[in-house]
Each structure stands twice: as C-alpha cells, then as structure tokens.
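Thanks for coming, everyone. Please bring the sequence and the model up on your screens, and then we can start.

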Amino acid sequence: MISVLTPTCRLDGLLLVEKALKRQTVEFEWVIGSATMPHNVSIPFTWVEDPPKKEGDYWTVYKTYNKMVKQAKGELVVSIQDYTYFNPDALEKFLFHYQQEPKTIVTGVGNKYTDES
C-alpha cells in the first residue's frame, strides 16, 4: 500500500488532489496535514492536526510531514502537494519503481493548478 501525504493550509487545494486520487489504479491511504479537519473531500483520509501557529513560533512544513509520516501505514510514502493533479497511473508507476529498487528515491512532477482538461 502507498501512503499519500498532503500538507495544506488551504482546504480547497485538496479537491484537485482528491480528483486525481479517485482515478488511481493501486491501493493507497491519504494522510492530510492541516489546521482544521477537512470536510470538503469525499474519499477516506487520516487527518493529522497541524494547529495554527502562534505569533513568534518557528514553523516549517517539515514538522507537519514528520507528524504525517508517523501516521502513515504504507510501505511507500509519496508526497503530493495541494492543488496538484496527476495521471491515473501515477501511484502505480511510483510503486513499480520502488519495487524494482527499494533504496532509490522515486520522484515525479504533477500538474499544479490544472486537471485533465
């Protein structure tokens, strides 16, 4: 199984990722890191609360990623940014390359702010 991690501070950015995830051909879990619980997505996900920052706090997205990785149950972890669309076989290709050489870092580029149209 693949764990898809998506940190976001704008919940509307999850809709394009969800649209792409619905078309995937392999089993996955979706882990979302955000300040508030997403209510605008329809597929199952695990929510990792990333509370709003207080003035003076030092914050980087890596803190959110660390929290999400701790919740991930997949053998392969893939990071997908919010507002990103990707092909229906994207996760399958990631898994294929991972299975061929598990010590290799597999990366890819999605189409930020777009979809199949």
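Is Asp82 buried or exposed? It is buried, at 7% relative accessibility, where the cut-off for buried is under 20%. Bear in mind that this is a predicted model.

Let me stay with Asp82. Its side chain meets that of Arg10 in a salt bridge, at 3.9 Å from N to O. Arg10 sits in the loop between strand E1, residues 2–7, and helix H1, residues 14–21. Asp82 sits in the loop between strand E4, 76–79, and strand E5, 84–85. The pair therefore ties together parts that are 72 residues apart in sequence. The Arg10 end is partly exposed, at 38% relative accessibility.

How many salt bridges does a search of the whole structure find? Two. The other one joins the side chains of Asp89 and Lys93, with 3.5 Å from N to O. Here Asp89 is partly exposed, with a relative accessible area of 27%. Lys93 is also partly exposed, at 46%. Lys93 belongs to helix H3. Its C-alpha lies 9.9 Å from that of Thr25, and those two residues are 68 apart in sequence.

Now the sheet. It is open, it has four strands, and the order is E3-E2-E1-E4 with parallel pairing. Which strands stand at the edges? E3, residues 46–49, and E4 do. Each has a single partner strand, so one side of each is left without a neighbour in the sheet. From one strand to the next, the twist averages 25°.

As a reminder, strands of a sheet pair through backbone hydrogen bonds, either parallel or antiparallel. Let me take two pairings in turn. E1 and E2 run parallel and pair over six bridges. In that pairing, Val4 stands opposite Trp30 of E2. E2, residues 28–34, also pairs with E3, again in the parallel sense, over four bridges. Ile32 stands opposite Trp47 of E3. Gly33 faces Val48 of E3.

How enclosed is E2, and why? Six of its seven residues are buried, so the rest of the structure largely encloses the strand.

Next, the helices on this sheet. E1, H1 and E2 form a β-α-β unit, and it is right-handed. H1 lies across E1 and E2, and runs at about 175° to E2. Helix H2, residues 61–71, packs on the sheet as well. H2 touches E1, E2, E3 and E4, and its direction makes about 150° with that of E1.

On to the edge strand E4, and one residue in it. Val77 is found in E4. It counts as partly exposed, at 39% relative accessibility. Which residues does Val77 touch, once those up to four places away in sequence are set aside? Ser3, Leu5 and Ala72. The C-alpha atoms of Val77 and Val4 are separated by 6.0 Å, although their positions lie 73 residues apart along the chain.

Now the interior. The largest nonpolar core holds 22 residues. Which of them touch the most other members? Ile2, Leu21, Trp30 and Leu91. E1, H1, E2, E4 and helix H3, residues 90–100, each supply at least two residues of this core.

Take Leu91 as an example. Leave aside its neighbours within four places in sequence. Leu91 is then in contact with Ile2, Val4, Leu21, Gln24, Val26, Phe28 and Val78. Among these contacts are Ile2 and Leu21, and we have just met both in the core list.

There is also a second, separate core, with six residues. Its members include Leu5, Val48, Tyr65 and Ala72. Two of those names have come up already: Leu5 and Ala72 are touched by Val77. A third, Val48, is the residue opposite Gly33.

To recap briefly. The parallel sheet has the order E3-E2-E1-E4. H1 lies across E1 and E2, and H2 packs on the sheet. Of the two salt bridges, one is the Arg10 and Asp82 pair, linking two loops. The other is the Asp89 and Lys93 pair.

That is my part. I am happy to take questions.

Methods: Residues are numbered from 1 along each chain as its sequence is written. This is a predicted model: local features need pLDDT of at least 70, side-chain atom pairs count only at pLDDT 80 or more; totals for chains, interfaces and linings use all residues. Side-chain values use heavy atoms; hydrogens and water are left out. A salt bridge is a side-chain nitrogen of Lys or Arg within 4 Å of a carboxyl oxygen of Asp or Glu. Buried means under 20% relative accessible area, exposed over 50%, partly exposed in between (1.4 Å probe, protein chains only). Contact means heavy atoms within 4.5 Å. Two strands pair if DSSP finds at least two bridges between them. Axes are lines fitted to C-alpha atoms, for helices over the stretch in contact, and angles run from 0 to 180 degrees between N-to-C directions. A crossover is right-handed if, with the strands pointing away from the viewer, the path from the first strand over the helix to the second runs clockwise. A nonpolar core is a set of buried Ala, Val, Leu, Ile, Met, Phe, Trp, Tyr and Cys residues joined through side-chain atoms within 4.5 Å.
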